[in-house]
Amino acid sequence: MHPRGAAVLSIPAKHPAVGESESLASYWTFYWAVAAAQLSRWLPRRPSRVLDLSGPQSRYADQAAHAGHTVVEVRDAPRGTPQPRRTRTIVADASSLGFLSPGSFDAVVAEGRMLSRHLVTENVVAEIARVLRPGGRVLLSVDSLVLGMAILAEQNYWAHLSDVPRSEVVLVPWPDGTITRCFGVEQLRDLLTECGLEVEWIRPRTALSPSTVEHVLNASPQSLTRLVRAELTAPQAEEPVGIHLVASAIKKTG
């Protein structure tokens, strides 16, 4: 399976990093608290078999295991820390799941932008759909077009920016030489649907701006719980805006 269409946007490498800068420490504390709360709400209510593909920087496998689920996590290197009793770690390429049986998992977590780092995302999502049982669900996150366009603007790639609306595949380089694939809502919805998944919802990881979160938490650190609750209950915009998009989809039973 390959990306649809011939219009591919790819930018010459080198631009400033977009990451967890110390100047936004409060925002990233909030960001990860929101991610944990979203996962907690999304995980199956009964003990289930969960596959985590989110990578070594993720916090999701341990959270799922502590919630009572049996977790298989796929990493590109062995763990450097002890794993929970319900977790099994497999060192393998998360983009190729041929070593796993079809329909063997109740849920798959593909967080931590792992789908944006694997540029032929269609192949990875098709593999996820294959290992899900009918009725099983996937929770995933990707880099958004908002993030990609901001990076391009920082580098004054104005001609490339004008091509974004017409491009079905948007590839943006990072300072370490890797490439990230960025998605709009409809691009992400189409990708999931074409792989046999039914989209339940797509939303930004956080709708509250970093500046707003920093202002509130610097003035009142104890407001973190209230801010997370506000984020989770905020009404969804028709066109979600944020640096990362989060989606939930279910494998059709028919």
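Begin by selecting Arg113, which is buried, with a relative accessible area of 19%, and keep in mind throughout the tour that the model on the screen is a predicted one. That value counts as buried because the term is used for a relative accessible area under 20%. If you follow the chain on either side, you will find that Arg113 lies in the loop between β5 and α3, the latter being residues 114-117. Its backbone deserves a look as well, since the phi of Arg113 is near 65°, a positive value in a residue other than glycine. Most residues other than glycine have a negative phi.

From the loop, step back to strand β5 by selecting residues 105-110, a strand that is mostly covered, with five of its six residues buried. Which strands are joined to β5 by bridges? One is β2, residues 49-52, which runs parallel to β5 and is joined to it by three bridges; to see a single pairing there, select Val50, whose bridge partner in β5 is Ala107. Another is β6, which also runs parallel to β5 and is connected to it through five bridges, and here you can select Val109 together with Leu139 of β6, which stands opposite.

Now move to Glu73, which has its place in strand β3, residues 70-75. Is Glu73 buried or exposed? Its relative accessibility is 1%, so Glu73 counts as buried. Display the side chains around it, and you will see that the side chain of Glu73 makes a polar contact with the side chain of Arg75 at 3.1 Å and another with the side chain of Arg79 at 2.4 Å. Leaving aside residues up to four places away in sequence, Glu73 touches Asp52, Ala61, Arg79, Gln83, Thr87, Arg88, Thr89 and Ile90.

For the last stop, select helix α7, residues 185-194, and colour its buried residues, which are Val185, Gln187, Leu188, Leu191 and Leu192. These residues lie on the same side of α7, because they cover an arc of only 165° around the axis. What do the buried residues of α7 pack against? Their partners are the helices α4 (121-131) and α5 (145-154), together with the strands β6 (132-144), β8 (179-183), β9 (197-204) and β10 (244-251), so that β6, already visited as a parallel neighbour of β5, comes back into view here. Finish just after α7 at Gly196, where phi takes a positive value of about 85°.

Methods: Residues are numbered from 1 along each chain as its sequence is written. This is a predicted model: local features need pLDDT of at least 70, side-chain atom pairs count only at pLDDT 80 or more; totals for chains, interfaces and linings use all residues. Side-chain values use heavy atoms; hydrogens and water are left out. Buried means under 20% relative accessible area, exposed over 50%, partly exposed in between (1.4 Å probe, protein chains only). Helices (H or I, at least four residues) and strands (E, at least two) are DSSP runs, numbered from the N terminus. The arc is that of the directions from the helix axis to the C-beta atoms. Contact means heavy atoms within 4.5 Å. Two strands pair if DSSP finds at least two bridges between them. A polar contact is a pair of N or O atoms within 3.5 Å; within protein, one must be able to donate a hydrogen and the other to accept it, and residues adjacent in sequence count only if both atoms are side-chain atoms.
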